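I opened this model to check the chain contact first, then the sheet, a helix pair and some backbone oddities. My notes follow in that order.

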Amino acid sequence: MSAFRFDADVSAWIGAYPFRQLPHPDPEVLRQVLERERIGTAWVGALPAAWHRDPAPANSWLYAQLAPHAGVLLPSPTVRPDWPGWERELDDAVSREAPSVRVYPMQLGIGAAAPCLSALATACADRGLVVQLTVRFEDLRQRHPLDTAGDLTAAHVRTIVRADPRVQVIVSGAGRDLIEEVHWSLTPDEQGRCHWDWAWVWGPPEDHLGQLFRTVGASRFVFGGFWPLRLIQASGACLSLLPEKLPPVTTRSAGAILAAARSHTA
Amino acid sequence: MAPRHLVDPHAHFHWSGSREDWARYNASRLHAGDAMGIEVHVASILGTWGRTSPTYFASPADITAGNDAMYAIARADPARVRAFVHVNPNHTAHALSEIARGVEAGAIGVKLSASRRADDPLIDPIADEAGRRGLPVLHHVWQHRQRDWAMQEASDAVELTRLAQRHPRTNFILAHIGGGGDWAHSINVIRDVPNVFPDTSGSGVDRGMLEAYLEAVGPQRLLWAADLTLCTGLAKLQALEVIGLPQDALDDICWRNAVRIFPTGSLGLA
């Protein structure tokens with residue numbers, strides 16, 4: 001039996017955040033936190049890349065930073081699908097054994113109907129890469145005046161999930177409303193390829209997480225801690241306070257999502 | 001290391017006048033609180049929570065009904081629940097009479113939400129009365145409010161501090177540093193105002209927030225609290241436990257500061 005509480009944290013980053021100081025957002029510290037919290041691995045993005053016009057240099061930095069932690073901190077590079085040559089970032093990700101790539105449509109001003117999102121979904125499916133989306137980095141009420149990107153919309157998620165029947169998607173930082181809107185606007189097959197972390201879902205007394213586990217299903221959820229922006233304890237705390245009447249919960253493992261993504265590649 | 005006791009000085013309940021599933025909601029809070037080790041919930045009900053008048057501009061009739069419901073919950077569970085008396089300062093006479101009635105019913109603090117800006121002179125008689133009776137005032141705060149938001153006349157730390165400086169014998173709890181807005185803005189505002197006690201509640205769990213407040217105001221002015229989300233309260237409790245605080249500091253934050261600012265003996269902890 002594994003000593004880990006979760007096989008992976010799929011919602012981690014390293015690097016500076018442009019709008020406030022984060023305490024030591026460094027891979028060495030992340031690794032210590034994973035050990036303390038008994039989490040096996042982390043899928044790690046380069047936080048500054050979300051605001052870069054060209055994410056390629058930040059991806060190179062990410063690979064270098066994570067190299068000493070191979071096998072524990074897995075790179076999740078950023079892709080800008082409306083940038084010339086973006087497919088090269090995907091090929092690079094595959095060669096680096098990345099489980100996923102991250103795309104930030106809101107920060108890039110990419111609309112939900114943009115063809116490049118569908119192209120990204122298919123290109124990732126071709127390569128066995130999971131597509132990761134982030135709803136928000138901070139609460140809407142505390143954002144810097146220059147941080148004008150809104151929260152990710154349900155339409156963006158739908159576009160990517162529907163674009164290719166092979167694509168696997170993880171959405172980080174959604175609340176109950178967005179999860180329900182997306183889930184019930186997808187076919188059962190599409191629902192099965194759309195996964196959520198519960199880092200921003202409320203526990204008791206509103207019990208949104210318990211409600212979602214009952215309706216959407218716990219198997220649609222995968223652990224994400226939102227480190228270094230938020231306390232990684234929050235997701236575990238929410239899980240530990242599930243209503244007592246809920247049947248035993250088995251959330252999705254990151255490994256299972258990755259295996260599904262790679263099952264269509266040669 | 002864990003605190004020896006745990007008090008949530010920023011709790012809320014519902015009642016039949018506020019939502020259909022009020023009993024489930026209240027039971028969920030108490031059940032989760034037990035799991036976390038919360039021994040006392042100091043709670044308020046904000047009128048009908050918007051059903052018949054706005055949550056933050058509750059009518060006098062709704063205020064009275066909500067307070068009565070809160071006192072009933074406290075009476076039904078005297079071991080775990082204490083009550084704030086919630087008032088709307090736009091109705092001064094009613095607010096003062098509610099405080100008097102609340103104390104008779106066992107209320108141990110005054111709850112101000114967002115019905116009037118904190119530095120408005122209309123708050124003065126309420127703050128004065130709370131101080132005279134030795135009741136702390138829990139004041140809803142939007143950290144760094146940069147504009148008015150619909151359905152509330154929220155205050156930020158600057159405005160609350162003006163009120164606190166006019167009433168130095170009254171203790172004020174600055175609500176939910178994790179509850180929205182920029183918590184970093186409030187730090188320097190309240191740093192040197194000794195009768196303002198920030199509480200940690202709210203859904204926000206930003207890394208660095210707890211450390212920043214501890215550095216600014218020290219463990220004897222910070223109050224652990226949960227508000228509407230016990231899960232994030234538990235996360236902040238767990239974070240406090242791994243920061244490496246001395247036992248005394250952890251106890252101050254988690255319950256002893258509350259014992260100091262609420263009326264003597266009212267929490268049943270020593």
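**Entry 1: the contact between the chains**

I began with the contact, which takes 27 residues from chain B and 24 residues from chain A. I kept in mind that this is a predicted model. On the side of chain B that touches chain A, I looked up the elements that give two or more residues, and they are α1 (22-36) and α8 (230-243) of chain B. The most comes from α8(B), with eight residues. I then sorted the residues on this side of chain B by type and got 11 nonpolar, 10 polar and six charged.

**Entry 2: the sheet of chain B**

I traced an open sheet of seven strands in chain B, in the order β1-β2-β3-β4-β5-β6-β7, and found the pairing parallel. At the edges I noted β1 (7-12) and β7 (196-198) of chain B, each of which pairs on one side only. The average turn between neighbouring strands of this sheet is 30°, direction ignored.

I looked at one strand pair in detail. β1(B) runs parallel to β2 (residues 40-44) of chain B, and four bridges join the two. Within this pair I found B:Asp8 opposite B:His41 of β2(B). Helix α2 (residues 60-76) of chain B packs on the sheet, where it touches β2 and β3 (81-87) of chain B. I read the angle between the directions of α2 and β3(B) as about 170°.

**Entry 3: B:Ala258**

Is B:Ala258 buried or exposed? I counted 30 other C-beta atoms within 10 Å of B:Ala258, so this residue is buried. B:Ala258 sits in helix α9 (residues 247-261) of chain B. Leaving out residues up to four places away in sequence, I listed B:Val7, B:Pro9, B:Leu223 and B:Leu267 as the residues that B:Ala258 touches. I also checked B:Phe197, which is 61 residues from B:Ala258 in sequence and 9.7 Å from B:Ala258 in space, C-alpha to C-alpha.

**Entry 4: a helix pair in chain A**

I took helix α6 (residues 154-163) and helix α7 (residues 176-183) of chain A, whose axes come within 9 Å and cross at roughly 40°. On that angle I entered α6(A) and α7(A) as oblique to each other. Their crossing is right-handed. From α6(A) the contact uses A:Ala154, A:Val157 and A:Arg158, and from α7(A) it uses A:Leu178, A:Glu181 and A:Val182. By type, I logged four nonpolar, no polar and two charged residues in this contact.

**Entry 5: cis peptide bonds in chain A**

I found a cis peptide bond from A:Pro204 to A:Pro205, with omega near 0°. A:Pro205 belongs to the loop between β7 (194-196) and α9 (208-217) of chain A. I found another cis bond from A:Trp227 to A:Pro228, with omega near 5°. A:Pro228 is placed in the loop between α9 and α10 (233-240) of chain A.

**Entry 6: positive phi in chain B**

Which positive phi values did I note in residues other than glycine? For B:Trp49, phi is near 50°. B:Trp49 lies in the loop between β2 and α2 of chain B. I entered B:Trp49 as buried because it has 20 C-beta neighbours inside 10 Å, and 20 is enough for that class.

For B:Met151, phi is near 70°. The loop holding B:Met151 runs between β5 (137-139) and α5 (157-166) of chain B. I entered B:Met151 as exposed because it has 12 C-beta neighbours inside 10 Å.

How values were computed
Residues numbered from 1 in each chain as written. Chains lettered and ligands numbered in written order. Predicted model: local features only at pLDDT ≥ 70, side-chain atom pairs only at ≥ 80, totals over all residues. Pairing = 2+ DSSP bridges. Axes fitted to C-alpha atoms, helices over the stretch in contact; angles between N-to-C directions. Contact = placed C-beta atoms within 7 Å. Nonpolar A, V, L, I, M, F, W, Y, C, P; charged D, E, K, R; others polar. Parallel < 35°, antiparallel > 145°, perpendicular 65-115°, else oblique. Left-handed = near helix turned anticlockwise from the far one by under 90°.
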